[in-house]
Amino acid sequence: MAQAVRIHKTGGTEVLCFEDVDVVRPAPGEVLVRQTAIGINFIDIYHRTGLYPLPSYPAGLGREAAGVVEQVGEGVASLKAGDRVAYCGGPVGAYATYRVLAAGLLVKIPENVSDETAAAVMLKGLTAHYLLRTTFRVQKGDQILIHAAAGGVGLLVCQWAKYLGATVIGTVSTPAKAALAQQHGCDHAIIYTRENVPQRIKDITQGKGVDVVYDSVGRTTFMDSLDCLTKFGMLVSFGQSSGPIPPFDISLLSQKGSLYLSRPTLFHHMADPKEYAANAAELFALVEQNVLKVFIGDTYNLKDVAQAQTDLESRKTTGALVLTV
């Protein structure tokens, strides 16, 4: 018997249920994984609240985890029992002690990377990958702005962009978060609770503006993000932790400098299995080289998932949050 966190309806953390579920044998092409560490992400909250509707209920939650292969199905040659593996994407339901998954979704964890680190970095790290290497390909000399710079994705973007030669500007809510972001490659940390973000961007960039804004906050930052861009700059909106962005007049993009706007999602960038495997390999290589230091702000037992989600929603957390099994 396995345990899983499921919801039978949308709502607050009170709808989270810790339930017994059957462990099934892997079918051909599948793998049974005993999970040891599970990453927590804002998309899990979006699913719980119904902002991103799930197809049916009861439903699991969670999109990334790490663990150990227990059994492989017929035709699986790339993995064997005992292999340490991690994944993100696939069917929702990572908040569980055991899972059966398609073999192609799993990547091996390097020996010197812990399960907790792997679970913390897969979804956030591959998000940082498509932000910096695909949606807007950051080059040496670029000036970038990353909102929520002290969060799980933010800290990875700061480090990776700095490694690529960019000037990194981040927004944070407190001096402590500013210090953390700067320790991870952020050149300029703007405390948005005290400072006017577009004005500070003008000061830092000598009036030019940044080449790209990476915005996972949404409603409360959208207009300011547009005002931070240089001519022909790009706003990459990849989340909405403060709520959905209201409808706006598209002519604003021309008025503010012939701007570009993108709303990408990780799971389109994972659709090609070869691309997914290559990007994950690049990500883990940078972790092994210590280019990317994965900061885990807090860990919780799987049974304490409600507290973990409450803490994440409060925006008081820093770095990645991980559930342990």
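In strand 4 (59-60), A59 is the bridge partner of I7. Helices (H or I, at least four residues) and strands (E, at least two) are DSSP runs, numbered from the N terminus. Strand 4 and strand 1 (residues 2-7) pair in the antiparallel sense over 2 bridges; two strands pair if DSSP finds at least two bridges between them. The model is a predicted one, in which local features need pLDDT of at least 70 and side-chain atom pairs count only at pLDDT 80 or more, while totals for chains, interfaces and linings use all residues. Residues are numbered from 1 along each chain as its sequence is written, and side-chain values use heavy atoms, with hydrogens and water left out.

Strands 1 and 4 belong to an open sheet of 3 strands, with the order 2-1-4 and antiparallel pairing. Its edge strands are strand 2 (17-21) and strand 4, each of which pairs on one side only. Strands of a sheet pair through backbone hydrogen bonds, either parallel or antiparallel.

The loop between helix 1 and strand 4 holds P58. The peptide bond from Y57 to P58 is cis, with omega near 0 degrees.

Helix 1 (residues 42-49) contains both F42 and Y46, which are 4 residues apart, about one turn of the helix. The structure holds 3 aromatic pairs. One of them joins F42 and Y46; this pair is tilted, with 5.8 Å centre to centre and 40 degrees between the planes. Rings of Phe, Tyr and Trp (its six-membered ring) pair if their centres lie within 6.5 Å; planes under 30 degrees apart count as stacked, over 60 as edge-to-face and the rest as tilted.

How do the axes of helix 2 and helix 3 cross? The axes of helix 2 (residues 115-135) and helix 3 (residues 152-163) come within 9 Å and cross at roughly 45 degrees. Axes are lines fitted to C-alpha atoms, for helices over the stretch in contact, and angles run from 0 to 180 degrees between N-to-C directions. The two helices are therefore oblique to each other, since angles under 35 degrees count as roughly parallel, over 145 as roughly antiparallel, 65 to 115 as roughly perpendicular and the rest as oblique.

Two residues that are not glycines have a positive phi, as tabulated below.

| Residue | Phi | Place |
|---|---|---|
| F232 | about 65 degrees | strand 13 (residues 229-237) |
| N290 | about 65 degrees | loop between helix 9 (273-288) and strand 15 (296-301) |
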